[in-house]
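Here are some exercises to work through with the model open in your viewer. Try each task before you read its solution.

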Amino acid sequence: MDIGFKGKPDIRQAVEIDYGLLPAYLNQGFATEAVQALIEWAFKQTEVTGVFAKTESTNQASIRVLEKAGLIQVGKDDRYIMWEHTKRV
């Protein structure tokens with residue numbers, strides 16, 4: 001599994017999550033657990049106000065991961081769905 005933040009926080013102080021798994025590890029809950037842990041860690045950082053991600057609109061497995069991790073859809077285009085999870089104060 002490969003997971004991490006894509007760069008520093010943006011102008012809103014939100015960070016983008018990106019991840020990928022080898023086929024042998026799909027549908028075992030690893031991605032959901034890792035995304036949830038990364039969000040939890042990010043929100044412990046005082047300067048981070050949110051987490052966002054994007055996935056291809058046809059990637060049902062990734063859509064499920066982001067939904068289970070608490071992200072909500074905030075936008076969509078012909079290819080991608082944009083997701084966001086904001087820090088509760």
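**Exercise 1. Place the helices on the sheet.**

Find which strands H1 lies across, and how H2 packs on the sheet.

*Solution.* Step 1: H1 lies across S1, S2, S3 and S5, and runs at about 20° to S1. Step 2: Helix H2 (residues 60–68) packs on the sheet, where H2 touches S2, S3 and S5. The direction of H2 makes about 165° with that of S3.

A few conventions will help you reproduce this. The model is a predicted one, where local features need pLDDT of at least 70, side-chain atom pairs count only at pLDDT 80 or more, and totals for chains, interfaces and linings use all residues. Residues are numbered from 1 along each chain as its sequence is written, and side-chain values use heavy atoms, with hydrogens and water left out. Helices (H or I, at least four residues) and strands (E, at least two) are DSSP runs numbered from the N terminus. Contact means heavy atoms within 4.5 Å. Axes are lines fitted to C-alpha atoms, for helices over the stretch in contact, and angles run from 0 to 180 degrees between N-to-C directions.

**Exercise 2. Work out the strand order.**

Determine the order of the strands in the sheet and name the edge strands.

*Solution.* Step 1: The five strands form an open sheet in the order S1-S2-S3-S5-S4, and the pairing is mixed. Two strands pair if DSSP finds at least two bridges between them. Step 2: Strand S1 (2–5) and S4 are the edge strands, as each pairs on one side only. Step 3: On average, neighbouring strands of this sheet are turned by 25° against each other, direction ignored.

**Exercise 3. Follow S5 and its two partners.**

How many bridges join S3 to S5, and how many join S4 to S5? Then find which side chains of S5 are buried.

*Solution.* Step 1: Strand S3 (residues 50–56) is antiparallel to S5, and seven bridges join them. Here glutamate 56 has tyrosine 80 as its bridge partner, and lysine 54 stands opposite methionine 82. Step 2: Strand S4 (residues 72–76) is also antiparallel to S5, with four bridges. Glycine 75 stands opposite methionine 82, and three residues lie between S4 and S5 in their hairpin. Step 3: The side chains of S5 (residues 80–86) alternate, with Ile81, Trp83 and His85 buried on one face. Tyr80, Met82, Glu84 and Thr86 point to the other face and are not buried. Buried means under 20% relative accessible area, exposed over 50%, and partly exposed in between (1.4 Å probe, protein chains only).

**Exercise 4. Look around two strand residues.**

Are histidine 85 and threonine 55 buried or exposed, and which residues do they touch?

*Solution.* Step 1: Histidine 85, in strand S5, counts as buried because its relative accessibility is 12%. Beyond four places in sequence, histidine 85 touches Ile39, Phe43, Gly50, Val51, Ala69, Gly70 and Leu71. Step 2: Threonine 55, in strand S3, has a relative accessible area of 4%, so it is buried. Leaving aside neighbours within four places, threonine 55 is in contact with Ser62, Ile63, Leu66, Arg79, Tyr80, Ile81 and Trp83.

**Exercise 5. Check the loops.**

Find the accessibility of leucine 21, and the phi angles of glutamine 13 and asparagine 27.

*Solution.* Step 1: Leucine 21 sits in the loop between strand S2 (14–20) and helix H1 (30–43). Its relative accessible area is 23%, so leucine 21 is partly exposed. Not counting residues up to four places away in sequence, leucine 21 touches Met1, Leu26, Phe30 and Ala31. Step 2: Glutamine 13, in the loop between S1 and S2, is not a glycine, yet has a positive phi of about 70°. Step 3: Asparagine 27, in the loop between S2 and H1, is not a glycine either and has a positive phi of about 60°. With 69% relative accessibility, asparagine 27 counts as exposed.
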